[in-house]
Amino acid sequence: MVIRKFAAIDIGSNAIRLLINNVIEQKGKPTIFKKSELVRVPVRLGEDAFIRGEISPKSESRLAKTMKSFDYLMQVYGIEKFMICATSALREAKNGAQVVQRVITETGMPIEIIDGKKEALIIASTDLKDIIKMDRHYLYVDVGGGSTEFTIFEKGQPKISRSFKIGTVRLLNNLVEDSVWEEVKTWVKSNIPLDGTVEIIGSGGNINKLHKMSGRKLGQPLSYIWLHGQYQFLNNMAYEDRVAVLGLNQDRADVIIPAIKIFLNAAKWSKAKKIHVPKIGLVDGMIKMLYYQKD
């Protein structure tokens with residue numbers, strides 16, 4: 001048996017995540033990807049990018065410090081290979097490319113700003129064989145702070161992917177026009193059969209948190225009815241109570257409501273009644289890409 005260590009860093013609009021995976025290779029057996037560590041730092045770059053149009057010096061400093069700390073942590077773990085992807089906040093900020101270049105120079109960390117299409121493809125490369133059935137269609141919805149990636153699976157394989165500028169930080173700041181919602185609605189309805197055979201696969205920190213709050217076991221899907229009820233419950237609760245009473249993190253207690261809205265709309269337009277939550281996302285896809293790519 002050989003245990004290799006890989007890492008992935010997702011520089012998102014709401015938070016920056018580091019995932020460290022043990023990749024276990026055994027002769028004659030399937031490779032096992034086992035999560036060793038997940039660190040999340042709430043550097044909300046999206047508020048700078050989407051409201052002010054550029055990343056502030058303060059946020060740039062926090063980004064650089066986060067990258068340095070992640071570098072030290074990966075050295076301690078003895079990481080063999082790693083990958084860093086920056087998504088909508090840094091790709092849309094006017095000074096995003098300059099900020100990334102300065103952080104690379106300061107920290108030596110090789111950050112790549114990826115477009116929405118590549119983001120959707122990486123997410124779609126995650127292993128979903130335990131969920132997907134060949135006779136059903138699936139709408140994979142990955143909700144981020146700046147964008148949401150949609151992928152349609154047919155006969156067990158990704159058929160088409162699209163990234164839309166609808167994210168929790170944007171919605172929180174009223175930066176999503178009705179026309180964008182209509183665009184998503186049209187895309188969903190025109191690419192899947194509306195016969196009740198569609199199920200949703202949800203990913204992102206908010207849906208993972210909701211699944212945990214539901215008390216369901218890993219592998220048990222959420223229902224549209226439960227999610228709708230949770231939306232009403234949380235929306236009628238003050239932000240302070242979501243933090244103090246429910247114990248949500250400060251940077252989760254506000255974005256969780258717009259996240260539910262995205263999932264509810266996706267379910268309504270696709271006529272899906274189930275939302276599977278395998279607790280995977282961009283960083284998991286990056287690990288798979290690192291492992292399987294040829295040097």
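These questions and answers cover the fold and the open sheet of a predicted model.

Q: How many helices and strands does the secondary structure of the chain come to?
A: The model is predicted. Its secondary structure combines helices with strands. The count is 13 helices and eleven strands.

Q: Why is the chain as compact as a globular protein of its length?
A: The globule rule gives 19 Å for 295 residues. The chain's radius of gyration is close to that value, so the chain is as compact as a globular protein of that length. That radius of gyration is 19 Å.

Q: What percentage of the residues count as buried?
A: A residue is buried if its relative accessible area is under 20%. The chain has 295 residues. The buried part comes to 52%.

Q: In what order do the five strands of the open sheet stand?
A: The pairing in this sheet is mixed. β3 (32-41) and β5 (111-113) each have a single partner strand, so they stand at the edges. The twist averages 20° from one strand to the next. The order is β3-β2-β1-β4-β5.

Q: Which residue in β4 is the bridge partner of aspartate 10?
A: Strand β1 covers residues 2-11, and β4 covers residues 81-86. The two run parallel, joined by six bridges. Aspartate 10 has its bridge partner in β4, and that partner is cysteine 85.

Q: Which helix packs on the sheet, touching β1, β2, β3 and β4?
A: The helix spans residues 282-292. Its direction makes about 135° with that of β1. This is helix α13.

Conventions: Residues are numbered from 1 along each chain as its sequence is written. This is a predicted model: local features need pLDDT of at least 70, side-chain atom pairs count only at pLDDT 80 or more; totals for chains, interfaces and linings use all residues. Side-chain values use heavy atoms; hydrogens and water are left out. Two strands pair if DSSP finds at least two bridges between them. Helices (H or I, at least four residues) and strands (E, at least two) are DSSP runs, numbered from the N terminus. Axes are lines fitted to C-alpha atoms, for helices over the stretch in contact, and angles run from 0 to 180 degrees between N-to-C directions. Contact means heavy atoms within 4.5 Å. The radius of gyration is taken over C-alpha atoms; the globule rule is 2.2 Å times the number of residues to the power 0.38. Buried means under 20% relative accessible area, exposed over 50%, partly exposed in between (1.4 Å probe, protein chains only).
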